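Me: Can you walk me through this structure? I'm new to this, so keep it short.

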Amino acid sequence: MSKDVKKELISAKNWILQNQKNDGEILWDGKGKWDFWDHCECLIALSIYKEWDAFRKGLDFCLSKVNEEGLVKSQYINGKVSQNYFEAHHAPYIFLPLLQKYLIDNDVNYLLKYRSEIHQIYKGTLKFKDADGFYHWALDQNGLADDSLVTSSCSLELSRRAYNRICMLIQDEDLIDTDKIISETKLNSNKFDRGGIDRSRFSMDSYYPILCNCGTKEDAIKTLNKFYVNGLGIKCVEEEPWVTFAESSECIMALYKMGLKEEAKKIFDEVMKQKNTKGYFPTGYQYELDVYWPEENSTWTNAAVIMAADCIYDISGKEKVILI
């Protein structure tokens, strides 16, 4: 079955390639929006299909956007900065596609090639850390901005682990960071209440802790009960009649990791039914209005579906970064 799924998703992979420019930039879609984190999501998908030329161009483009402090602006549109601040989890996410590539081709020299950039980016990540060990979501010209966020912190934790693994591979063990970014104790902090408002209504804050080993099978079942819409997938926000296929795919990986494999496969099959006639996936579906919304077919959504397929069906035939 894995070969069939891999074949079925070639068109989704090709949609990512179609939105990559000659300089390596992978846009959300044809509207010119770009950000570092979603670009890295696409790099992971390209590595699963061993699209190495596109991967290398995309990686070099990403690193060209990182400043001397190891930080990257939040968002660009048509090559110009559209969100003029830095998000903590963006730049270090590059460690996951780098490690994914190594797990597929065992090329440690490729990691060594970027040794200085890797350490520069991780050093930049530490700028977001407060005295209590929490990571602020953003940094701008006025300093640390906004609160800590669960999903951002969990993404950082996955990046920290990938960084540590890379440090071992390139024999920089003295630079390994043993300070875990997210924990069950930290999850209970009100520092994760954005603007003083509890964010538990967002599905990402429910399943992302599971992805980084901070959750149980019972937590995964609670996530299903709260956010799953039978036949469609996972809602982005609890009270909104809107399922999103990236969130569905990420939740699939969390469920699979917790041993809920049949549930994960069921939702994956439901997501696969949302592929459009051109062979790729829209961002989301508003099921009360019966419309795909927003009007985009984001590359990173298609990347997330490919990652979920690799998690369940091992279409790359290699170890999974998301499960480290």
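Reply: We'll take sheets, cores, rings and one helix in turn, and remember that this is a predicted model.

Me: Sheets, then. What is the strand order in the sheet of 5 strands?

Reply: The order is 1-2-3-4-5. The pairing is antiparallel, and the sheet is open.

Me: Which strands are at its edges?

Reply: Strand 1 (33-34) and strand 5 (143-148). Each of them pairs on one side only.

Me: How many bridges join strand 1 to strand 2?

Reply: There are 2, and the two strands run antiparallel. Strand 2 covers residues 73-77. Within it, Tyr76 is the bridge partner of Trp34.

Me: What holds strands together in general?

Reply: Strands of a sheet pair through backbone hydrogen bonds.

Me: And the sheet with 3 strands, what order does that have?

Reply: It goes 8-9-10, again open, with antiparallel pairing. Strand 8 (242-244) and strand 10 (291-292) are the edges. Helix 12 (residues 245-257) packs on this sheet and touches strand 8, strand 9 and strand 10. The helix direction makes about 60 degrees with that of strand 8.

Me: How many bridges join strand 9 to strand 10?

Reply: 2 bridges, with strand 9 spanning residues 284-286. Gln286 has Val291 in strand 10 as its bridge partner.

Me: New topic. How many residues are in the largest nonpolar core?

Reply: It has 92 residues. Leu9, Ile94, Phe95, Leu98, Phe268 and Ile306 have the most contacts inside it. Another core, of 8 residues, lies apart from it. Phe86, Phe128, Leu139 and Leu156 are among its members.

Me: What is Leu98 in contact with, leaving aside neighbours within four places in sequence?

Reply: Phe55, Leu59, Tyr110, Leu111, Tyr114, Ile118 and Ile166.

Me: Now the rings. How many aromatic pairs are there?

Reply: A search of the whole structure finds 18. Take Trp15 and Tyr280.

Me: Are those two stacked or edge-to-face, and why?

Reply: The ring centres of Trp15 and Tyr280 are 3.8 Å apart and the planes are at 15 degrees, so the pair is stacked. Trp15 sits in helix 2 (residues 10-18). Tyr280 sits in the loop between helix 13 (261-272) and strand 9. They are 265 residues apart, so this pair links distant parts of the chain.

Me: Buried or exposed, those two?

Reply: Both Trp15 and Tyr280 are buried. Next, try Phe95 and Tyr163. Their centres are 5.4 Å apart, with planes at 40 degrees, so the pair is tilted. Phe95 lies in helix 5 (residues 95-105) and Tyr163 in helix 8 (residues 150-169). That ties together parts 68 residues apart in sequence.

Me: What is the relative accessible area of Phe95?

Reply: It is 0%, so Phe95 is buried. Tyr163 is at 3% and also counts as buried.

Me: Which rings make up the cluster?

Reply: Ring pairs link Trp34, Phe36, Phe61 and Tyr76. Lys65 lies over the face of Tyr76, at 4.5 Å from the ring centre.

Me: Back to helix 5. How many of its residues are buried?

Reply: 10 of its 11 residues, so the helix is mostly covered. Gln100 and Lys101 are among the buried ones.

Me: What covers them?

Reply: The cover includes helix 3 (36-48), helix 4 (52-64), helix 6 (108-113), helix 7 (115-125) and helix 8.

Me: Where does the charged end of Lys101 sit?

Reply: Over the ring of Tyr110, 4.1 Å from its centre.

Me: Last one. What follows helix 5?

Reply: Asn106, with a positive phi near 55 degrees.

Key:
Residues are numbered from 1 along each chain as its sequence is written. This is a predicted model: local features need pLDDT of at least 70, side-chain atom pairs count only at pLDDT 80 or more; totals for chains, interfaces and linings use all residues. Side-chain values use heavy atoms; hydrogens and water are left out. Two strands pair if DSSP finds at least two bridges between them. Helices (H or I, at least four residues) and strands (E, at least two) are DSSP runs, numbered from the N terminus. Contact means heavy atoms within 4.5 Å. Axes are lines fitted to C-alpha atoms, for helices over the stretch in contact, and angles run from 0 to 180 degrees between N-to-C directions. A nonpolar core is a set of buried Ala, Val, Leu, Ile, Met, Phe, Trp, Tyr and Cys residues joined through side-chain atoms within 4.5 Å. Buried means under 20% relative accessible area, exposed over 50%, partly exposed in between (1.4 Å probe, protein chains only). Rings of Phe, Tyr and Trp (its six-membered ring) pair if their centres lie within 6.5 Å; planes under 30 degrees apart count as stacked, over 60 as edge-to-face and the rest as tilted. A charge sits over a ring if NZ of Lys or CZ of Arg is within 6 Å of the ring centre and within 35 degrees of the ring normal.
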